[in-house]
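Please take a moment with the sequence and the structure shown here before reading on. The paragraphs after them are meant for someone who has not met this structure before.

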Amino acid sequence: MTRYESVLDACGNTPLVGLPRLSPSDSVRLWAKLEDRNPTGSIKDRPALWMIRAAEAAGTLEPGDTILEPTSGNTGIALAMVAKMRGYRLVCVMPENVSAERTQLLRMYGAEIIFSPGAGGSNAAVAMARQIATEHPDWVMLNQYANIANARAHYETTGPELLRDLPTITHFVAGLGTTGTLMGVGRYLREKVESIEIIAAEPRYGELVYGLRNIDEGYVPELYDATVLSRRFSVGTRDAVLRTRQLVEVEGIFAGFSSGAILHAALAVAHEAVKAGRPADVAFVVADGGWKYLSTGAYGGTLADAEDALEGQLWA
Amino acid sequence: MSIEVRVPTILRSYTGGQRVVAGSGDTIADLLGDLDAQFPGFRGRLVTDDGGLHRFVNVYVNDEDVRFLGALDAKLNVGDTVTILPAVAGGSR
């Protein structure tokens, strides 16, 4: 059934597609979960919908209320759409150094934006949102980094979809940000699949993004539980761009740079499986399409040019 | 001096501003001991009093998080690259 009552009902149930050319062998295969096929074009539609529904069910969110969220992109865009459909005002706090398309999309869906200093990355956005929340106690902060409905969305939907479509799954690879995807899917698959490997791919940005004054200003999302993960890779800008380009050139999948970083980690574990002579079905997340990042110019030119273009940007 | 160590901005006050330094050791713990001898105080910023890695510090060997490789006991080989980064909220969420 591909008919739905409304766009909100069309969230999830995304395709899982094989990568016949990038898979290293017939027995070690890569599978891409195309999360760009959600209503606003990213995996974040799932947590946005679940966090708002959970707040409604708990009675903390009523029509006309204002939602406040630190977000530099996809979660904000997803929340903006869901908020508009369900009658809420949305105020987003985001770093000033995110791509222009994000700002335009947020405003198109009716969100208001407060900019935080780019040098502080998402840390600064989170801190500023907390400050604003104390000034507006009636505003509702869903806080995707701590909201269990974020991980729950993936435990209840993304995880079961993956197992349904790929019962032979051996590895799941996703990006590590709020950690919601990895915590939710990871817990589900660990319950259902013996010796499943849950792999995190963490984007490594330019130095500007790590510009803390002190180690103690660091931040680990409240949702994060390291015991859910098997391994965690840090993927630099160059590798992410290289894999993003490979994905569109070799397999025809036009994705954002975070998906390139995830593919890089997926290929690493796939090649290890080949070396060890073990069969593997490696599922990885394509978190969004490349449309919002075209203005960076990083899809063309040399890799060095692309790396320069993304320096200081939050590309994932 | 066989292991390349990438130092984050906030720790460069210990390394005289160098972003990449060389160290040696068979494990991360050994390496940090060697770095502390070269740059006094360096280890204390990464390792807590109870001997674990600081919660807001991530250390990677060849791009893999050492917490999943034995933490401070993670093995090192000649030619490895170690990257130290503060834990931040990350990017576009």
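What follows turns from the confidence of the model to chain B as a whole, and then to a single residue of chain A.

The structure is a predicted model, and its overall scores are an ipTM of 0.93 and a pTM of 0.94. For chain B the pLDDT averages 93, with 94% of the residues scoring at least 70. As a general caution, predicted coordinates should not be read in detail where pLDDT is low.

Chain B contains five strands and two helices, and someone following its sequence meets them in the pattern β-β-α-α-β-β-β. Its radius of gyration is 12 Å, close to the 12 Å that the globule rule gives for 93 residues, so chain B is as compact as a globular protein of that length. Taken along the principal axes, the box that its C-alpha atoms fill is roughly 40 × 30 × 30 Å. Of the 93 residues in chain B, 33% are buried, and among the contacts in this chain with a separation of 6 or more, 45% are made by residues 24 or more positions apart.

In chain A, the residue to look for is Y155(A), which lies in helix 5, spanning residues 148-165. Y155(A) counts as buried because 21 other C-beta atoms lie within 10 Å, where the cut-off is 20 or more. Leaving aside residues up to four places away in sequence, Y155(A) touches G184(A), R187(A) and Y188(A). The C-alpha atom of Y155(A) is also separated by 9.3 Å from that of L182(A), a residue 27 residues apart from Y155(A) along the chain.

Note on methods: Residues numbered from 1 in each chain as written. Chains lettered and ligands numbered in written order. Predicted model: local features only at pLDDT ≥ 70, side-chain atom pairs only at ≥ 80, totals over all residues. Helix = DSSP H or I, 4+ residues; strand = E, 2+ residues; numbered from the N terminus. Buried ≥ 20, exposed ≤ 12 C-beta atoms within 10 Å, placed from the backbone. Contact = placed C-beta atoms within 7 Å. pLDDT = per-residue confidence, 0-100. Rg over C-alpha atoms; globule rule 2.2 N^0.38 Å.
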